[in-house]
Amino acid sequence: SVGGRVSDSSGSGISNVHVSLMDQFGDVRSSITNPFGYFRFNDVEAGQTYTVSVSSKRFQFENATQTVHVVDEIANLIFVALPNPSRNISSIDKLE
């Protein structure tokens, strides 16, 4: 299996992020992260190379695509969202 976690820059998991797994033939499987940011694709064939990508309407990612060669189970792929400056502006700052 291939799995991992999607988090923000503070380490909090991000839910409802679209995750895709594409094999070397272009076949794509899709998943969505759980409430803690975790995802997993089961029944992934060992000995193959896959491209794992994440996308979200709410976040952008520095490393939105990773290529992995599966020899054994991979459970630690990490995708981290870029800081979103507009989310850190207080309501007082928006009024000025």
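**A friendly note on an aromatic cluster**

1. Let us start with one residue: Phe 79 is buried, with a relative accessible area of 0%. Please keep in mind that you are looking at a predicted model. Since buried means under 20% relative accessible area, Phe 79 clearly qualifies at 0%.

2. Now for the overall layout. The protein has seven strands and one helix. Reading from the N terminus, the elements follow the order β-β-β-β-β-β-β-α, so try tracing them on the structure above with a finger.

3. Which aromatic pairs can you find? The count comes to two aromatic pairs. One of them joins Phe 39 and Phe 79, with 6.2 Å from centre to centre and 50° between the planes. Why is this pair called tilted? Planes under 30 degrees apart would be stacked and those over 60 edge-to-face, with the rest tilted, and the angle for Phe 39 and Phe 79 is 50°.

4. This pair also links distant parts of the chain. Phe 39 belongs to strand β4 (residues 38-41), Phe 79 to strand β7 (residues 74-80), and the two are 40 residues apart.

5. Is Phe 39 buried or exposed? Phe 39 is buried, with a relative accessible area of 5%. Phe 41 comes in here too: ring pairs link Phe 39, Phe 41 and Phe 79 into a cluster.

6. Finally, the protein as a whole. Of its 96 residues, 33% are buried. Among contacts with a separation of 6 or more, 47% come from residues 24 or more positions apart. The protein exposes about 6300 Å², and carbon and sulfur atoms supply 49% of that area.

How values were computed. Residues are numbered from 1 along each chain as its sequence is written. This is a predicted model: local features need pLDDT of at least 70, side-chain atom pairs count only at pLDDT 80 or more; totals for chains, interfaces and linings use all residues. Side-chain values use heavy atoms; hydrogens and water are left out. Rings of Phe, Tyr and Trp (its six-membered ring) pair if their centres lie within 6.5 Å; planes under 30 degrees apart count as stacked, over 60 as edge-to-face and the rest as tilted. Helices (H or I, at least four residues) and strands (E, at least two) are DSSP runs, numbered from the N terminus. Buried means under 20% relative accessible area, exposed over 50%, partly exposed in between (1.4 Å probe, protein chains only). Contact means heavy atoms within 4.5 Å. Accessible areas come from the Shrake-Rupley method with a 1.4 Å probe; for residues, only the protein chains shown count as cover.
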